[in-house]
Amino acid sequence: MLVPRCASCSLWVSPPQPDCPDCGGELVARAVSGRGTVFTYTVNHHPFDPSIPVPYVIAIVELAEQKDLRVVAGLVGCEPDAVRIGMAVEALSAPDSGPLFSPAA
Ligand SMILES: [Zn+2]
């Protein structure tokens, strides 16, 4: 999983911005560990896309790399009722569907 990081001051930046909000430096996509915790989440019951079975969980995950570094992601691998704020999660490889996490092993 790649997240923009400032080449000058090393700040991770998400959601993406044109340049570093702290120092104006250039942002370059860098790999993160994929570890994080559920900051908050919602359970979607409406079939916006018929190819995606409901219900499913949309989470805001705070990444381990930096306080307040958060990404919006799908959360799979557990029942929606089992999701908890603060729960440890890890990124799955999901090249085309956007960030996807599951409960940490
Ligand atoms: Zn910077």
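Which residues touch the most other members of the largest nonpolar core? The path to that core begins with the chain as a whole, which is presented here as a predicted model.

The chain contains seven strands and zero helices. Read from the N terminus, its elements therefore follow the pattern β-β-β-β-β-β-β. Along the principal axes, the C-alpha trace extends over about 40 × 25 × 20 Å. Of the 105 residues in the chain, 30% count as buried. Contacts also link parts of the sequence that lie well separated: among those between residues at least 6 apart, 46% join residues at least 24 apart.

One part of the chain carries an annotation. An unreviewed UniProt entry lists residues 30-91 under the name "domain: ChsH2 C-terminal OB-fold". In the model, 48% of this span is strand and 0% is helix. The C-alpha atoms at the two ends of residues 30-91 are 15 Å apart.

The arrangement of the strands comes next. Five of them close into a barrel, in the order E3-E4-E5-E7-E6, with mixed pairing. Within this sheet, neighbouring strands are turned against each other by 50 degrees on average, direction ignored. One pairing in the barrel can be followed in detail. Strand E3, residues 35-44, and strand E4, residues 56-63, run antiparallel and are joined by eight bridges. At one position of this pairing, Val43 has Val57 of E4 as its bridge partner.

The opening question can now be answered. The largest nonpolar core has 16 residues, and those touching the most other members are Val61, Leu63, Leu75 and Phe101. Strand E4 and strand E5, the latter covering residues 70-75, each supply at least two residues of this core. The most is given by E4, which contributes four residues. Strand E4 is thus described twice: it is bridged to E3, and it supplies residues to the core.

Charged side chains form another part of the picture. Side chains of opposite charge can pair when their charged atoms come close. How many salt bridges does a search of the whole structure find? The search finds three. In one of them, the side chains of Arg70 and Glu62 meet with a distance of 3.0 Å from N to O. Arg70 also forms a salt bridge with Asp68, where the closest N and O atoms are again 3.0 Å apart. Asp68 in turn pairs with Lys67, and in this salt bridge the closest N and O atoms are 4.0 Å apart. Through shared partners, these salt bridges join Glu62, Lys67, Asp68 and Arg70 into one network.

The members of the network vary in their exposure. Is Glu62 buried or exposed? Glu62 counts as buried because its relative accessibility is 17%, and the cut-off for buried is under 20%. Its partner Arg70 has a relative accessible area of 25% and is therefore partly exposed. Asp68 is likewise partly exposed, with a relative accessible area of 43%. Lys67, at 65% relative accessibility, counts as exposed, since the cut-off for that class is over 50%. The network thus links buried Glu62 and exposed Lys67 by way of the shared partners Arg70 and Asp68.

Definitions and conventions: Residues are numbered from 1 along each chain as its sequence is written. This is a predicted model: local features need pLDDT of at least 70, side-chain atom pairs count only at pLDDT 80 or more; totals for chains, interfaces and linings use all residues. Side-chain values use heavy atoms; hydrogens and water are left out. UniProt positions are given in the numbering used here, feature names are shortened, and annotations may be inferred rather than shown by experiment. Two strands pair if DSSP finds at least two bridges between them. Axes are lines fitted to C-alpha atoms, for helices over the stretch in contact, and angles run from 0 to 180 degrees between N-to-C directions. A nonpolar core is a set of buried Ala, Val, Leu, Ile, Met, Phe, Trp, Tyr and Cys residues joined through side-chain atoms within 4.5 Å. Buried means under 20% relative accessible area, exposed over 50%, partly exposed in between (1.4 Å probe, protein chains only). Contact means heavy atoms within 4.5 Å.
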